[in-house]
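Subject: Handing over the structure

Dear colleague,

I am passing on the structure that we spoke about, so that you can look through it at your own pace. Please open it beside this message and follow along.

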Amino acid sequence: MLTALLDGAFATQPHTGSGQYTIALWREFTAGELGEVHLAMPVPPPVFLAAPEHVIVRRPNSLVRGKLAKLWWEQVGLPRLAAELRPTVVHIPYFAAPLRISTPFIVTVHDVIPLVLPEYRASLAFRLYTELVRRTVRRAALVLTDSQWSRDDIVRVLRYPAEHIRVIPLGVESRFRPPEEMDALRALAQRWGISGPVVLNLGGFDVRKNLPLLVRAFARALPELPEGTMLVIPGRAHSENPRLYPPLEPLIRRLGLQQRVLLPGPVTEDEKVLWYQLATVYAYPSRYEGFGLSPLEAMACGTPVIAARCTSLPEVVGDAGILVELDEEAFAAALVRLLNDSALQEELRARGLARARMFTWQRTARETVAAYHEAVNIAAVGSAAIG
């Protein structure tokens, strides 16, 4: 019988991509008959986490703190726990792997952003950590990733064999759906003084998300947009590092858009859904995505999408949205076209809802468990060959 140990280090960070992925998998594992899976964590599980009775906690020494605690967990805590519990397979659901572990393991590499975008590896400590991870991940029996684009990057950058990579797309949660009643949306619009169409971006503030391009494209398009159209960018930067999180406010002021661009700040998960539902258009000019979950969430809410035709985004959006080049003029033209064409909005809304239904966490979990079995078989064949 398969017994799996899922690394839950990111389960306490539900706002990160790795956290969302870990939590979504865990929910599916505990809800279905997919085998015996335990969640391993270096801290007690948050209260929202399903099946806490199947969560195993091993705290680091109290002297190990901060970033060292993460490294300790990956290189000491998780391998020790695997040696103690002797699962059939260990799954590390983010870009990390131990130097030494006796159990067959698989790693999910969502993307290789730190290795291809210089802005994301500025510090010496991070570059050293990335080099360690680059080497240790190569020892995985299988690598899982979210898109064909990421698969090709993993082969090119990590030199990991293509035949041992499995592409398993992410899913979209059922809470992302068209609105069933309008009171909450009206209240949200009233709270922020919104009376016209909304161009939305919820993808984050880091430099690869390309928000300055979106602001400039919106300014270029504004004279041809319907009265009262606003650009709304909720959330906040994860740090004050201007290299990684360039501030938008100076650009907004320089373009005179203070009354037309709204930065409402951090949002709850419930508010996130409401913003998707309120939006007329979801605009996503990101220049690098391993998958691109937020355009998928927007489509699941019935919101038409304009996205960059680059990296993995065409795999997610397909023909259900408007794909444009990473160009200010192209994004401006797409905004003008879509916001002034109600028939096109309805067509893309229908296409987006149909496409979003293709991406479920049930499918992701099912294919992940199939990869667990495959990794065990690969490891067994390798052991037999050595013997």
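Below I go through the empty spaces, then one helix, and then one residue in a strand.

Please keep in mind from the start that this is a predicted model.

Spaces inside and at the surface

Rolling a probe the size of a water molecule over the atoms shows where empty space is left. With the rule used here, one cavity of 30 Å³ or more is counted, and the largest cavity has a volume of about 40 Å³. If you would like to find the largest cavity on your screen, look for F205, D206, V207, N210, L211, P212, P246 and L248, which line it. Sorted by class, this lining of the largest cavity consists of six nonpolar residues, one polar residue and one charged residue.

The second largest pocket, for its part, has a volume of about 300 Å³. Its lining is made up of 16 residues, and among these V172, E173, S174, F359 and Q362 lie nearest the centre of the pocket. Where does the second largest pocket lie with respect to domain 1 and domain 2? Domain 1 (4–171 + 361–385) and domain 2 (182–358) both give residues to the lining, and therefore the pocket lies between them. At least two lining residues come from each of the helices α1 (17–31), α13 (342–356) and α14 (361–386), and α1 gives the most, with three residues. By class, the lining of the second largest pocket has nine nonpolar, three polar and four charged residues.

Helix α5

In helix α5, which covers residues 148–158, the residues S150, D153, I154, V157 and L158 are buried. Seen down the axis of α5, these buried residues fall within an arc of 105 degrees, so they line one face of the helix. The buried residues of α5 pack against α3 (113–116), α4 (124–137), β6 (142–145) and β7 (165–167). After α5 comes R159, whose phi is positive, near 60 degrees.

Residue I322

I322 belongs to strand β13, which runs over residues 322–324. Is I322 buried or exposed? Because its relative accessible area is 10%, and buried means under 20%, I322 counts as buried. Leaving aside residues up to four places away in sequence, I322 touches V305, I306, A307, A334, R337, L338, L344 and L348. As for A307, this residue is 15 residues from I322 along the chain, while the C-alpha atoms of the two are separated by 6.3 Å.

With best wishes

Methods: Residues are numbered from 1 along each chain as its sequence is written. This is a predicted model: local features need pLDDT of at least 70, side-chain atom pairs count only at pLDDT 80 or more; totals for chains, interfaces and linings use all residues. Side-chain values use heavy atoms; hydrogens and water are left out. Helices (H or I, at least four residues) and strands (E, at least two) are DSSP runs, numbered from the N terminus. Buried means under 20% relative accessible area, exposed over 50%, partly exposed in between (1.4 Å probe, protein chains only). Contact means heavy atoms within 4.5 Å. On a 1 Å grid over the protein atoms alone, a cavity is a set of points where a 1.4 Å probe fits but cannot get out, and a pocket is an open set with protein on both sides within 12 Å along at least five of seven lines; lining residues have an atom within 4 Å of a point. Grid points are joined across faces, edges and corners, and a volume is the space filled by probe spheres set on the points. Ala, Val, Leu, Ile, Met, Phe, Trp, Tyr, Cys and Pro count as nonpolar, Asp, Glu, Lys and Arg as charged, and the others, Gly among them, as polar. Domain bounds come from an automatic or database domain assignment. The arc is that of the directions from the helix axis to the C-beta atoms.
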